[in-house]
Amino acid sequence: MDNIFSIAAFYLLGLVILGSAILVVMLKNLVHCVLWLAVTFIAVAGLYMLLDADFLAMVQILVYAGAVCIMMVFAVMLTQRKDMKSSSLFNAQFRSAGLVAFLTAALSAYLAMRTAWTSTVMPVPPRTAEAIATLMLTKYVVPFEVAALLLLVALIGAIILAKEVKADD
Amino acid sequence: MINSLSLSIGITHFLVLSSLLFGIGLFGALAKRNAVMVLICIELMLNAVNINLVAFNKFVTPLAFIGQIWAIFVITVAAAEVGVGLAIIIAIYRNRLSVELDDFDWLKW
Amino acid sequence: MLRTEEITLNMGPQHPSTHGVFHVVLKMDHEVITEARPICGYLHRGIEKLAEARTYTQFIPYTDRLDYLAAMLNNTGYVQAVEKLMEIEVPERAEYIRVICCELSRIASHLIAVGTYSVDIGGITGFMYCLRDRERIMDLFEMVCGSRLTLSYMRIGGVAEDLPDEFIPALCQFLDEMPSRLDEYDGLITGNEIFQARTKHVGLLDPGVAINYGISGPNLRASGVFWDLRKNRPYSVYDRFDFEVPLGKRGDCFDRFTCRIKEMRQSLKIIRQAVEQLPEGPVMAKVPKVLKPPAGDVYHEIEGAKGILGYYVVSDGSNKPYRIHVRRPSFINLGFLNELCKGWKIADVVAILGSLDIVLGEVDC
Amino acid sequence: MFGQGLLKGLQITLQELFTKKVTVQYPEESLPLAPRFHGEFVLDVEQCIACSLCANACPNKVIEIETAKLDKKRVLTGYMMRLQYCLFCGLCVEACNKGAIRFSQKFEMAKYFRDQIPLILYKGEPPVQEEQGNTGITAGEAEGTEV
Amino acid sequence: MVEFSMTHAWLVPLLPFLAFAVIVFLTRPWKMLSALVSVGAMAAGFVISAYAAYGVFTSHSLIEKSLEYSVRWFSMPGLNIDVGVKLDPTSAMMLFMVTLVASLIQIYSIGYMRGEKGFSTFFAYMSLFGASMLLLVISSNLLEMFVAWEGVGLCSYLLIGFYNHKISAREAAKKAFVTCRIADFGLLLGMLALQIIFGTLNITELGEKIANFELYTNAATLTLVAVLVFLGPIGKSGQFPLHVWLPDAMEGPTPVSALIHAATMVVAGVYLVGRMLFMFLEVPEAQQLVAVTGAFTALFAASIALTQREIKRILAYSTISQLGYMMLALGVGSLTASMFHLWTHAFFKALMFLAAGSVLTALHHKADIWEMGGLIKKMPVTGATFAVGGLAIAGIPPFAGFWSKDEILSLTLSGGHPVLFFMAALTAFLTAFYMWRLIFLAFFGKEKPENHPQESPPVMTVPLLILAFLSLVGGLVGTPWFPFWGEWIRFGEFHHAAPDYTVMILSVILGVIGIGLAYKMYVKDVSAEQRLAERFRPVYTLLYNKYYIDEIYMWFNHTLVDGAAKAMYLFDIYVVDGIFINGIGAITRDTGSALRVFQTGRLQNYALVFFLGVLAVAVILAITGPAPAGLVWGGVR
Amino acid sequence: MVENIFVGFAEWLRSLLAAAGLPALFGDIVLMIVKVAGILAFIAISVLWIVYMERKMAAYFQARIGPNRVGPRGLLQTAADMGKLISKEIIIPRAADKIVFLLMPVLIFVPSLLLFAVVPFGKNMIAVDLNVGVFYFFAVASVSTIIFWAGGWASANKYALIGAMRAVAQMISYEVPMVLAILGVIMIVGSMKMSDIINAQQNVWFIFTQPVAFIIYVIAATAETNRTPFDLLEGESEIIAGPFIEYGGMGFAMWFLAEYANLILVSVLATTLFLGGWLAPFGLTFIPSWVWFLLKIYFMIWVFMWFRWTYPRIRVDQLMNFGWKVLVPLSLANIFVTGIGMFIYRAIGW
């Protein structure tokens, strides 16, 4: 990762990720938050590309930017009644929360820096999709199926939860 | 000891970035009133975790793909979590006509 | 279903599918209509009041502006009412010419209904085809009376002028070509599965309810009620023709639509018979220059393109009517709109409104 | 079978794609007009006897006739139609016993300015035998809407 | 085909199960298709089992060493459970019988259930019922058998409660299920003990190990185990104390009753004891218990049946009684006789139930036999076939019941149990009497004008005729002069006993006297029962109320259980609640009210505190040095 | 050679730069810029041309002759329209969310532009031949949903909001059958790379081996591009242009053009996946591959236009039912059948 482009890309993407994430948290309009969230997700996908995980980057865009954001949008639209301009406010404990969040981030960053990581120089092989697919269907087939089941359960659960209870029952 | 932030991008850079993202997400999750917003911030935190995983995949076990597969499972779980979480929010909204978490304090005493 | 906030949506007065300046206030639970409140009057011109300051003949051009898509029928209804009041015997040839023109007008009106309905459902091409064929009828009218839309062809006691010589051949050519065009509409619009999915079982109009609300014309017949004044209470020379009254089964939008297409075929049949039977003779009865009907009132109704078109004329013996009231079928057909739209979606409101085939000139009068 | 109607529709539009189009390139070519066409009015001043029958027949009081007494005979000094109110119903033409007011085939009557709309069919001195002014010259005729 | 059938006998239970799945998931909207799927699967099973039975009965080696094959179900240290098939003459016979009877009943059901709600569901349940029973029959392993055993229980629950709009049906279903559960508990304990002691649940292996049980345990323990195992059959086969569910199970549709009583559910208990007979034979006390229970139940149920009025209830008690016979046969150590009676009983009991169903359909579910009468004229086929069943159960030669019952009686006598023999003989007499009481009252005598019976359609009568034929000839496979049966289905050596003419004649005489008495009392002199009832009022009432067993249970519940509960309640209120709960509670409450200010009820507040804690732990671990720090950031170095 | 005119140009440019003594990196950058510029030019010209084509086709289908005044046979009509739209005032409703309102019409182009990077215009004429090409296509395309929604929401108009919510529901729902439909193709090819997919169609196009998938794809693509019979979010006669109702002038033009860019993209994908991409049929290889490609995508575009000018619009609940209850099971069945077919094919001998 000594390529000047990689370095530039990392700092640029990092800036976008952190900047948009801060905007997500700080903005007062919930819809703006969701839109910035999409930006964050896409930038994270860029980071994945940088990390030679092109398949994962596409999954990230498809699932997060394409689906999760949309679900957030739906939730916002279904639940927001009052003025959208002040729909995402802080609660009373935001100062202490900020402190805790800052300490957590600082501590983990500090620990990450302090640790001497033994990283290999081996590059990630290309054709990640094939490799992941093979692993998913051989070695990790049980977690894969469990994940599928989880999605199914979540789907049904969400439907049951969100379904209106009939008044006459 | 501490690696100086040299020009070369190493795993530390990604870990620091993800720590910061996690911190932002955590702050939002703890300090926002709107339940949807809390879910959003949880997604940010999960993304931070995913960055970690993919970075480890790249720098530590590039051939085994463990990190990427883990990340995919995290994404799956996140998707499920969003679905169920939003459904819960909507169900609560239907009863209380509110998504302000401060209003949901009937779980006490 | 999620309980969500109710939306109030103003559909119109400027909306492409309210067929003019019509306004419906929709209350919706997501896309489902809970209330549809029609608001009309944006095109109100006080025609009934204007009539009081016009002579009997001078009112004829105003009737064109009621249902401007079927001006001949409006003319005929009015002049027949006055003729009934004055007990004028209309020459036979004039009666036949009236029948020909009225049925052409009915076809023209139905063509617009069919075409705009196609647009309402989303298919624009059908509209173009319908207009292309309606243009032929306009040409025929232009030959007869010089105007294309606002015809003012009927006169009290007959028609303004005799048919020109080139009219009958042109009409026959039209009659020959039209059935294949109707088949084309059937293929493009009626037979289309998407169209059927959009219209079948949508906006069901119960026959009993339809009668109670005074709904008439193709809308009533689509609900399966046999009520066509040309058959049930024949006026003019309609008892001399052999034709059928197409009826629907369910009373949904699709039936209302297909009723119109079937009626066009019947109208073509009537015109053909009228052309064959067309007698020679004068086209105008002997009427005084200045019309002064005896004091009294008369109500006369004919089968208009949109339904029963009635004229109530009160005379005080002077040369100007004391009062004229028009029973406008479009207006009355709209009465059930709220109930008809309830529980359907926005797209269905358009479909229902389109299937009722209203003309705002007539609704607002 | 489901889908038959869909295919039929496609077939019809495809056929239409190759048939002759009905559009007429208007300014270059135009459709023939019927003889009875209700176009702009023309007044045969020679025939007009200023009887005002046309003005009375008009539902909207479009026609304004100015007359003058000449040898105990009424003669026309002005004949103006406020075309913005005209219904082109033809009652005036029907009312005219002399056939003086008639329809022409001209239908391009758009004007650029509002004061150009009234159609002045005759204006000026009472017509005398010697004069040739039997055609009404309208102010805006030259710049008709040939667009 | 024979080869195929023997190696693929597992198909027999699988096919009805597939039918069940197909009906539930695919064909439920199409009634006739569902019925055909169900019947088809069962009939295919019948064909396979017929070939398999043929194969088994033509291969001599299979008596001693059954044909077994299995796959591993699950395994964990010390416990390996297989799913397997054990094919020997007994199971082959059972397969043949169950599929045959079940097929006929299902065909009959097409007619019987016509127009009922849940037609397809009914057939799905029937298929599952058949599948469970066939699995039970075929299993080589007690645990597998137990699964099927519970499957049978579940299906009986579903089917008894099939008319779930009726409260009585729901109650009956619950009763059946709960009663069986009590019994199954014993069976489960027994199985557990077997597994612990012998380390296997495979029947064949158990047989080998129990033959030398001294190596593993002592006789007393084994007796206890046997008694525990026997508890299961007591419940399932409706033996004396736990028989109460069986009459109530009549709430289900009649084909279900037929299936339960003839071919599937109740004989499962007998079959289990038959399968485990090697164990009972090792411990005479347990064997004695089986015999006594059987004989007592037989007499007991028969005496109740004397006074009952509902047609299906009488048949139910007769089933209990006949099951008692089978148990008695097992108790005296004869697998042959027991299985023989099971075989014949299946035919004539199925026949009688189906005929009863036919009667009920004709009379619009009027069940009281006193309200019937003269039905034979209107319903000749039903009446005739029912009479065949009656003759068979009464033990009139050459009908099937005679041979099997005679064998049990003679074995009981020759086995040295005179008391039991007396009880069995008395039962035989009573059986003939009450069964013919039923027949005379229902089919002969005066016609009741309010009834308008009609013969059932062929889809119902043809199975009746087939079963009648089988009831007629089914016993001929095991006559004393032609001991084909005993050669094959036996435990231990085959020894051909000479025909015991004394017992034979005695049993025929008893049967004839019973029938004759019934004729005298119910055809000649209809009011005889009234008079008898007047004279022996207490006895009659006792019998009519089924010895008040249900009431005793209720009383037991009310007084004993409730009383104990009352005592417990008081103890609970004053001692447990007063001192422990409330005392501790008060302390807790006071502490809690002091602490509750910390519980804001706000999720984010909790999360904040949680993260504070995480932070604290992480900081501590980070500071304390490398060793614990490894816990925090993993082992990656 | 006409075939390699573009490739040759690129090579020439690269060698030119190398000859000038510039480093290879610089050459890469210049080449990338040239590629991007070329693609942009292609989009701009194509979209203008397709708008003209749409109007002309609509007219022909409707027995009219369409635009014929501006330029020869009306060729410059779109340019004139663009000029008009650009010169119009952009009206921002008072209640609108101004920034979002103005930003979204611009952003809607971004996914489209990104997607053109993987379009295989011809042999060796693909800007970036990604490993996960097809997947990239769907992933990036899915982002446009939220842009549509945001544009509609920001307008602060109820019609726009209804249209926006419809857009979201529709595009999400139809993405599923679309992805599932092409899965059959990907299964056969075993790669998501565009060039691999095209090369796999040397012998037979996938429209013949995967007809069901093709039909599902075309239907879903019609829905994805919001064209009749699935133009619910515009719903001219119901919700009057839906999300775009408040947009005028250039804002509207951007939405409008983006739709046509999307139309090109789905046609490109259809061509690549099912019609053999730039492969020449019947051995007509003397015609350059990029011409073939253009011909095929224009054929697909024409088919979409044909649909649009023939069919009426479906209703919103019917749309959802059709998508979830017909297309999704059908595409799953297609995958299943494809799997079995592949299994059999391999068993027979491969």
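The paragraphs below walk through a predicted model, beginning with whole chains and ending with single residues.

Chain A is a good place to start. Its secondary structure consists of six helices and zero strands, and reading from the N terminus the elements simply run α-α-α-α-α-α. Chain A has 169 residues, of which 47% count as buried. Among the contacts in chain A with a separation of 6 or more, 61% join residues that lie 24 or more positions apart. The exposed area of chain A is about 8300 Å², with 75% of it supplied by carbon and sulfur atoms.

Chain F can be read in the same order. Here the secondary structure comes to 13 helices and zero strands, and the pattern along the sequence is α-α-α-α-α-α-α-α-α-α-α-α-α. Of the 350 residues in chain F, 59% are counted as buried. For contacts with a separation of 6 or more, residues 24 or more positions apart account for 76% in chain F. Chain F exposes about 14000 Å², and carbon and sulfur atoms contribute 74% of that area.

Two residues of chain F give a closer view of this helical chain. Ser155(F) sits in the loop between α6 (133-154) and α7 (158-189). With a relative accessibility of 0%, Ser155(F) counts as buried. Beyond its neighbours within four places in sequence, Ser155(F) is in contact with Pro93(F), Ala96(F) and Phe101(F), with Ala160(F), and with Pro243(F), Glu246(F) and Tyr247(F). Lys35(F), in turn, belongs to helix α2, which covers residues 24-61 of chain F. Its relative accessibility is 33%, so Lys35(F) is classed as partly exposed. Lys35(F) also illustrates how the chain brings separated parts of its sequence together: Ala127(F) is 92 residues away along the chain, yet the two C-alpha atoms are separated by 6.8 Å.

Attention now moves to chain E and to a pair of its helices. Two packed helices are described by the angle between their axes and the distance between the axes. Helix α16 (residues 335-362) and helix α18 (residues 380-394) of chain E pack at an angle of about 145 degrees, and their axes lie 9 Å apart. The crossing of α16(E) past α18(E) is left-handed. On the α16(E) side, the contact is made by Phe348(E), Lys349(E), Leu351(E), Met352(E), Ala355(E), Ala356(E), Ser358(E) and Val359(E). On the α18(E) side, the contributing residues are Thr382(E), Thr385(E), Phe386(E), Val388(E), Gly389(E), Gly390(E), Ala392(E) and Ile393(E). Sorted by class, this contact has ten nonpolar, five polar and one charged residues.

One of these contact residues, Ile393(E) of α18(E), also appears in the surroundings of Thr431(E). Thr431(E) is part of helix α20 (residues 418-443) of chain E, and at 0% relative accessibility this threonine counts as buried. Setting aside residues up to four places away in sequence, Thr431(E) touches Ser321(E), Gln322(E), Ile393(E) and Lys405(E).

Gly238(E) offers another view of chain E, this time from a loop. The glycine lies between α9 (219-236) and α10 (245-248), and Gly238(E) is buried, with 0% relative accessibility. Residues touched by Gly238(E), apart from those up to four places away in sequence, are Pro233(E), His243(E), Trp245(E), Thr297(E) and Ile320(E). Of these, Ile320(E) is 82 residues from Gly238(E) in sequence, while the C-alpha atoms of the two are 6.1 Å apart in space.

The cysteines complete the picture. A disulfide is taken as a pair of cysteine sulfur atoms within 2.5 Å, and by this rule the count over all chains is zero. Cys253(C), for example, is in no disulfide, and the nearest cysteine sulfur, in Cys341(C), is 8.9 Å away. Cys253(C) is itself buried, with a relative accessible area of 0%. In chain D, the closest cysteine sulfur to that of Cys48(D) belongs to Cys54(D); these sulfurs are 6.5 Å from each other and therefore too far for a bond. Cys48(D) also counts as buried because its relative accessible area is 19%, and the cut-off for buried is under 20%.

Technical notes:
Residues are numbered from 1 along each chain as its sequence is written. Chains are lettered from A and ligands numbered from 1 in the order in which they are written. This is a predicted model: local features need pLDDT of at least 70, side-chain atom pairs count only at pLDDT 80 or more; totals for chains, interfaces and linings use all residues. Side-chain values use heavy atoms; hydrogens and water are left out. Buried means under 20% relative accessible area, exposed over 50%, partly exposed in between (1.4 Å probe, protein chains only). Helices (H or I, at least four residues) and strands (E, at least two) are DSSP runs, numbered from the N terminus. Contact means heavy atoms within 4.5 Å. Accessible areas come from the Shrake-Rupley method with a 1.4 Å probe; for residues, only the protein chains shown count as cover. Axes are lines fitted to C-alpha atoms, for helices over the stretch in contact, and angles run from 0 to 180 degrees between N-to-C directions. A crossing is left-handed if the near helix is turned anticlockwise from the far one by less than a right angle, and right-handed if clockwise. Ala, Val, Leu, Ile, Met, Phe, Trp, Tyr, Cys and Pro count as nonpolar, Asp, Glu, Lys and Arg as charged, and the others, Gly among them, as polar.
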